[in-house]
Amino acid sequence: MKSSILYGLILLLASACTSNYTSHIRDLSFQNDSLRVITMLINEKANTIAVLFGNELALKNKLAQKPRENNELYKLVTWRQQPNTFWYGSKINGALLCIETVKISSKEGQVVPIYKLDCFDSPFSADLPIDRTQRISFIMNQQLVVLP
């Protein structure tokens, strides 16, 4: 009797340790390559979320409110929002829509921003303004998120 109870407890303990739970977390569609978050933008009308990333130099200059320097890098990554299945009523980033990159370089002592757009969803690309200077100005004028 004691051995059957002991055997039953061991089986119960062994079955409690195994997990059949499968994670539903999706793969990251954007690897930030050691970039830091500068700010986040949510557009409820377009159902998108965008995060502005920057390298260490860009973040340092944003914090100190210094002028732009050579080798600053900014990436505005935009995702479509989707409902969060683990938290009712909240939304998380879904499909990657586009990545806008602004790299600051200097030519002949002048600071020059270089703009690049990579779109992954063709209907979204039609909504973007085609004025590069307007997009560069929009990205560069974003305020740093308040850090604790």
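How many bridges join strand β3 to strand β4, and do the two run parallel or antiparallel? Hi everyone, let's start there, keeping in mind that this is a predicted model. Strand β3, residues 73-83, and strand β4, residues 91-107, run antiparallel, and 10 bridges join them. If you want one pair to click on, take T78, whose bridge partner in β4 is C98.

Now move along to β5, residues 110-119. It pairs with β4, again in the antiparallel sense, over 10 bridges. Here T101 stands opposite K116 of β5. Between β4 and β5 the hairpin has two residues, and E108 there takes a positive phi near 55 degrees.

Next, helix α2, which covers residues 56-64. Which of its residues are buried? A58, L59, N61 and K62 are. Looking down the axis of α2, you see these buried residues fall within an arc of 165 degrees, so they line one face of the helix. As for what they pack against, the partners are β1 (36-43), β2 (48-54), β3 and α4 (132-140). Just after α2 comes Q65, with a positive phi near 55 degrees.

That brings me to the second largest pocket, for those of you who like pockets. The space in it is about 230 Å³. Its lining has 14 residues, and those nearest the centre are N61, K62, Q65, K66 and M140. Helix α2 gives the most to this lining, with three residues. And the chemistry of the walls? By class, the lining has five nonpolar, five polar and four charged residues.

That's my tour, thanks for listening!

How values were computed. Residues are numbered from 1 along each chain as its sequence is written. This is a predicted model: local features need pLDDT of at least 70, side-chain atom pairs count only at pLDDT 80 or more; totals for chains, interfaces and linings use all residues. Side-chain values use heavy atoms; hydrogens and water are left out. Two strands pair if DSSP finds at least two bridges between them. Helices (H or I, at least four residues) and strands (E, at least two) are DSSP runs, numbered from the N terminus. On a 1 Å grid over the protein atoms alone, a cavity is a set of points where a 1.4 Å probe fits but cannot get out, and a pocket is an open set with protein on both sides within 12 Å along at least five of seven lines; lining residues have an atom within 4 Å of a point. Grid points are joined across faces, edges and corners, and a volume is the space filled by probe spheres set on the points. Ala, Val, Leu, Ile, Met, Phe, Trp, Tyr, Cys and Pro count as nonpolar, Asp, Glu, Lys and Arg as charged, and the others, Gly among them, as polar. Buried means under 20% relative accessible area, exposed over 50%, partly exposed in between (1.4 Å probe, protein chains only). The arc is that of the directions from the helix axis to the C-beta atoms. Contact means heavy atoms within 4.5 Å.
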